[in-house]
Amino acid sequence: MKKEEKARRLLLGDEAFALGAINSGLSGAYAYPGTPSTEIMEFIQGNQTAIDRDIHRKWSSNEKTAMEEALGMSFCGKRSIVCMKHVGMNVAADPFVNSAMTGANGGLLVVAADDPSMHSSQNEQDSRFYGDFAMIPVLEPSDQREAYNMAGYGFELSEKHGLPVLVRFVTRLSHSRAIIETDKDARKENDFHYPSKPEQWVLMPALSRKRNKQLVKDYVELAEVSETSPYNCYIEGKDKSLGIIATGIAWNYLKEVFPDGIPYSVVKISQYPLPEKMIKRLSENSDRLLVVEEGQPFVERKVRGELNIGLRPVYGKLTGEVERTGELTPDLLRETFKKIGMEACGEEENPLTPSKVVSPRPPALCKGCGHRDVFQALNEALADYESPKVFGDIGCYTLGYLAPFNAIDTVVDMGASITMAKGAADAGQHPAVAVIGDSTFTHSGMTGLLDAVNEDSPVTVIITDNLTTGMTGGQDSQGTGKLEDICKGIGVDPEHLHTITSHPTNIENMKQLFKKEIDHKGLSVIISRRECIQTARRH
């Protein structure tokens, strides 16, 4: 590739990484849609090179299957990525952690997009802990340019050390744009080849014990690699009164707070394991340390603990100088410097404050959405029962918890509606109703339904089928056209398996069907079907 063969593109962080992966010889992308990671797969699906090369770019049923499929492609020597939001890492945790034991053959990048401030999520978990727990390297781009470059770098790192690489994104990086230089032509894909150590891929105890020792040894060596990584650096400052450790996007915020140059020494970190020598050098040459990082106090805990830096005061999230919850911002970082008695600059004189004129507007189900008809009919049906409970799930229909419906009692994780309803029924709860979407059902609801089938649990399951994965923008749903057959195959009694159209003109029929099946002393499944109003408009 000639250096002059570059193109300038305005890209989201997600798009920059996706293009970087394509241009670095990608053979397969696997994912389940989840904000803020969704645009990675969507970009690959629309990219002409990916289309011409027939790069795999179909959605998977869930994050676990996506992880395993990408691992299978890596086994065959091809480069693959698997993308998910942070809570998707919980679903993929089993194969992800074990992939450190199998190792990687073709380069394998696992992208986890974290969601600080929970813009569309249940929690604020920090995916860096997964990389540390599994003992695999982690990359954390600080801007869109690094996101693009890290794809190729990550593939090379993965193949050189024979390990998957976790790439951690955050919402603000995923969903903001920058102009970056990109390669005009894509590297050719890897040739098909099998692992040189095939025994690593059979995780039987006798083989895994040997592999585990090597993994621990390799992780120590990976820490040395971080010391010379192009994405980690030690920047000498004139003012030794403070040393700053800045990770990922926090490095960008730090530069914004000091647009004329940072006066303090800084260790910028975008590759893990931590560059311990850099951090110890910073400590030895600074009176105090400040750790700024997006997410949980991952680095701060290590600085205070296992790195044995106890002679210098350390400021951060654990001591309250850096905000512990929500997204880190330049304004919050300026407040941090005030708290520790240091000066910052930037836009401190003109902070952006929320307008007093604009009122907050909570989300609501779209007008014309079939979920609205489900909740209206369900509320009317349950009005005749004492203490009914409705167990909800993750999807657009989660908004049924809010006014005007106030129809849901619990929402925990993907697929939990059916299993929680079953557990409540086991405890004696009646009515116990589960509301789950079509995509969520095929993601992780089917196994729970099998439990309910095996015990003929007195649970009413309502699958709200809008023929798409609506919450994340209308991606294909794996169960479209198959839900009735899936339920029959799992073992649902056909006499208590119903399909009904969710429409305002059909609310009375829906109400009566709900009451009939709630009164049934065993399991029943009702599929309420109407296309998502948003995809219908596009069609």
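How many residues does helix 7 have, and how far does helix 7 reach from its first C-alpha to its last? The views below come from a predicted model.

**View 1. Helix 7, end to end.** Helix 7 has 18 residues. From first C-alpha to last, the helix reaches 25 Å. That is close to the 26 Å expected at 1.5 Å a residue. The axis is bent: helix 7 turns by about 35° at Met150.

**View 2. The two ends of helix 7.** Asp143 caps the N-terminal end. One of its side-chain oxygens lies 3.3 Å from the backbone nitrogen of Arg145. Just after helix 7 comes Gly162, with a positive phi of about 65°.

**View 3. Buried residues of helix 7.** Met150, the site of the bend, is buried. Buried aromatic side chains include Tyr148, Tyr153 and Phe155. Gly152 and Gly154 are buried too, as are Ala147, Ala151 and Leu157. The buried set also takes in Gln144, Glu146 and Ser158.

**View 4. The second largest pocket.** This pocket has a volume of about 390 Å³. Its lining counts 18 residues. Closest to the centre are Thr102, Ser196, Lys197, Gln200 and Arg211. Two elements give two or more residues to the lining: helix 7 (144–161) and helix 9 (205–227).

**View 5. Make-up of the pocket lining.** Helix 9 supplies the largest share of the lining of the second largest pocket, five residues. By class, the lining divides into four nonpolar, eight polar and six charged residues.

Conventions. Residues are numbered from 1 along each chain as its sequence is written. This is a predicted model: local features need pLDDT of at least 70, side-chain atom pairs count only at pLDDT 80 or more; totals for chains, interfaces and linings use all residues. Side-chain values use heavy atoms; hydrogens and water are left out. On a 1 Å grid over the protein atoms alone, a cavity is a set of points where a 1.4 Å probe fits but cannot get out, and a pocket is an open set with protein on both sides within 12 Å along at least five of seven lines; lining residues have an atom within 4 Å of a point. Grid points are joined across faces, edges and corners, and a volume is the space filled by probe spheres set on the points. Helices (H or I, at least four residues) and strands (E, at least two) are DSSP runs, numbered from the N terminus. Ala, Val, Leu, Ile, Met, Phe, Trp, Tyr, Cys and Pro count as nonpolar, Asp, Glu, Lys and Arg as charged, and the others, Gly among them, as polar. The expected span of a helix is 1.5 Å times one less than its number of residues. The bend at a residue is the angle between axes fitted to the seven residues ending there and the seven starting there. Buried means under 20% relative accessible area, exposed over 50%, partly exposed in between (1.4 Å probe, protein chains only). A polar contact is a pair of N or O atoms within 3.5 Å; within protein, one must be able to donate a hydrogen and the other to accept it, and residues adjacent in sequence count only if both atoms are side-chain atoms.
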